[in-house]
Every structure is written in structure tokens, then in C-alpha cells.
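User: Hi! I'd like a close look at one part of this structure, with the surroundings explained as you go.

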Amino acid sequence: MSWRTAAGRQPQRSRVGRTLSIAAMRRSGVAAMRALLPSPRARSGAMDDWIDYYDSTHTIYVSKLHRDLHFRVIADDIIGYISSPDAVVLDYSCGEALSAARVAERCGRLILAEPAPGVRGRLIARFAGILNIKVRSLDDLRHLDDASVDLAVMISVAQYMSPAELDAALATFRRVLKPSGRLVLGDILQPDVGAGTDVMALLRMGAKHGFLKDALVGLVRTSLSDYWQLRTKIGLQRYSEEEVLAKLRKTGFAASRAPVNVGHNPARMTFVARHAF
Ligand SMILES: C[S@@+](CC[C@H](N)C(=O)[O-])C[C@H]1O[C@@H](n2cnc3c(N)ncnc32)[C@H](O)[C@@H]1O
């Protein structure tokens with residue numbers, strides 16, 4: 001499978017019911033058929049457009065190297081938060097999670113939860129041979145036992161959620177985390193940090209890892225793509241440090257901001273939370 005299957009974004013399904021495209025089914029075979037089952041909770045609303053975007057053949061990664069590097073860095077950052085080889089780890093809205101096998105090697109069980117059915121079908125196919133990786137929809141998490149997870153991570157997702165969706169996700173984390181467990185909320189956008197810093201972070205990463213030219217071309221392509229149309233139309237949710245800490249407190253967490261963000265963009269924020277007793 002090529003690293004990028006098409007040059008532009010192609011919506012693959014209607015919002016309600018979340019069906020898979022023929023191409024996604026072909027790619028992922030029988031495993032993807034499981035993801036075809038309609039979600040018990042039909043979703044709608046502007047923020048769902050971002051799930052559709054991530055389920056499409058988007059061009060958010062400027063090259064294969066950029067994409068592979070991104071997922072490797074994220075995996076290594078998640079590994080840094082795993083406290084035991086037996087740990088149960090939940091990666092909420094994990095995306096393609098290309099380096100999840102690295103994480104699975106360092107924990108007892110890795111639950112990859114992803115709302116986009118096409119992405120989920122590929123995850124199922126990609127990790128079918130790794131027995132301690134389980135792929136789930138976000139709705140499936142309702143069946144996850146209380147106090148069963150040691151580490152929950154949600155990286156680069158809050159900006160695509162409505163505030164109510166973020167509250168619901170935090171409540172899920174509070175329920176499924178063990179009393180000793182930790183929640184890592186990463187890559188949170190701040191209100192006063194604009195798109196320019198995202199551009200600079202990508203260019204710095206490109207210069208450091210030898211894909212500066214692809215980064216420049218990718219930026220032009222992105223500026224003409226659905227990503228910018230969506231970013232302009234729907235926008236991204238941004239939170240101040242205090243707003244995130246207040247939300248976490250309200251959900252029953254004691255939290256603090258980590259000294260460094262996960263991933264490659266130091267202008268964004270990471271928070272680490274535990275049950276408040
Ligand atoms: C930028 S990707 C991040 C993927 C992965 N966590 C990472 O760090 O590479 C954004 C992810 O958020 C998911 N997403 C988009 N809108 C969402 C929403 N409203 N609720 C939950 N997840 C959403 C997408 O399906 C996608 O997997």
C-alpha cells in the first residue's frame with residue numbers, strides 16, 4: 001500500500017452510520033467488514049467533519065518519511081509514560097498508529113480506539129497478528145470495565161472535538177482508569193498560538209530529518225486542500241492551560257502540565273492527570 005493513496009481528500013461515507021469505502025474494504029478484507037457494522041450511536045455535527053477528514057485520503061503528512069517519523073515519535077512518547085510491562089494502555093483516537101507495535105511490545109495490552117471506520121479497518125488488518133493489540137470504536141469503550149486501564153493517552157485530538165465531546169471523553173477516562181492510572185492529554189492547542197507555529201514546527205522537523213523540500217511542497221498543497229477549508233470553516237478548539245486544568249478538576253482528576261509536549265510541536269501542551277482522591 002502506498003503511503004498516500006490519493007492526492008486530495010475524498011469523502012468516503014455519510015456521517016450517520018459511518019460506513020467504509022469499497023477501497024477500504026478491499027484493503028482491509030474481512031477484518032474491515034467488522035468495522036462496517038453501523039455504530040450504535042449515530043453522530044452528527046460540525047466536529048464530525050474532522051472524523052470524515054481523517055477517514056479520507058488526506059494529505060496531512062507531507063511524505064512517507066514525515067508520516068512514519070510522526071508515528072514513531074508519538075509511539076516513543078507513549079512508551080515513556082508506560083510504568084510497567086503488564087500495563088493496559090488505551091490510545092483514544094489513535095489515527096493510523098503505524099508504530100503501535102512498538103508500544104505493544106512494552107505493555108501488556110494496547111487498546112487502539114478510533115472513530116473513523118476506514119482507519120479502524122486498516123488498524124484491524126495491520127495489527128491482526130499482534131495478539132495484545134485490540135482495535136475498538138469509541139462507542140465500544142462503553143463496554144470497557146471500570147478501573148481497568150493503567151495509561152490512557154489522547155494525543156492531538158482535543159482540537160477536533162466539541163467541548164462537550166471532550167468532557168465525555170474525560171468522563172470515560174475517569175471511569176476506566178485504575179486509581180493508580182494516568183491520563184496523558186497531548187498536543188493541546190493554546191488560544192494565542194496560531195497556524196504559523198504549526199508551519200514552523202513542520203519546517204523545523206523537515207530540516208532536521210531531511211524532508212524540508214517535501215515540507216514546503218506539502219504546505220502549499222495543504223493550503224489548497226480541504227484541511228484549510230475545514231480549519232477556516234469549523235476551526236480548531238483551543239484551550240488555555242487553566243481551562244484544561246479546570247476541565248480535568250471538574251471530572252475528578254488532579255493534573256499538571258508536563259514540561260514538554262508529546263510529538264514535535266513544542267508550542268502545544270501536554271497534561272498528565274491522575275484520579276483526585
Ligand atoms: C491528528 S489525528 C491524531 C491521531 C493520533 N492520536 C496521533 O497523535 O497521531 C486526529 C484523530 O482524531 C480523530 N478525531 C477527529 N475528530 C474527532 C472527534 N470529534 N472525536 C474523537 N476523535 C476525533 C480522528 O479520527 C483522528 O484519529
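User: Which residue in strand 4 is the bridge partner of Leu90? Please take me through what lies around that residue too.

Analyst: Happy to! Keep in mind that this is a predicted model. The bridge partner of Leu90 in strand 4 is Ala152.

Let's begin with the two strands. Strand 1 covers residues 88–92 and strand 4 covers residues 149–155; they run parallel, joined by three bridges. Both belong to an open sheet of seven strands with mixed pairing, ordered 3-2-1-4-5-7-6. At the edges of this sheet stand strand 3 (133–136) and strand 6 (253–257), and each has a single partner strand, so one side of each is left without a neighbour in the sheet. On average, neighbouring strands here are turned by 20 degrees against each other, direction ignored.

Now to Ala152 itself. Setting aside neighbours within four places in sequence, Ala152 is in contact with Leu90 and Tyr92, and also with Phe173, Val176, Leu177, Gly181 and Leu183. Leu90 is thus both a bridge partner and a contact of Ala152.

The core gives the wider setting. The largest nonpolar core has 60 residues, and Ala152 is among those that touch the most other members, along with Val153, Met154, Ala100, Leu110 and Leu112. Strand 4 gives the most to this core, with six residues. As general background, nonpolar side chains tend to be buried together in soluble globular proteins.

Finally, a word on the ligand: 17 residues surround it, the closest being Trp50, Tyr54, Ser93, Gly95 and Tyr160. Helix 2 (residues 48–55) gives the most to that shell, with three residues.

Key:
Residues numbered from 1 in each chain as written. Predicted model: local features only at pLDDT ≥ 70, side-chain atom pairs only at ≥ 80, totals over all residues. Pairing = 2+ DSSP bridges. Helix = DSSP H or I, 4+ residues; strand = E, 2+ residues; numbered from the N terminus. Axes fitted to C-alpha atoms, helices over the stretch in contact; angles between N-to-C directions. Core = buried A, V, L, I, M, F, W, Y, C linked by C-beta atoms within 7 Å. Buried ≥ 20, exposed ≤ 12 C-beta atoms within 10 Å, placed from the backbone. Contact = placed C-beta atoms within 7 Å. Near = placed C-beta within 6 Å.
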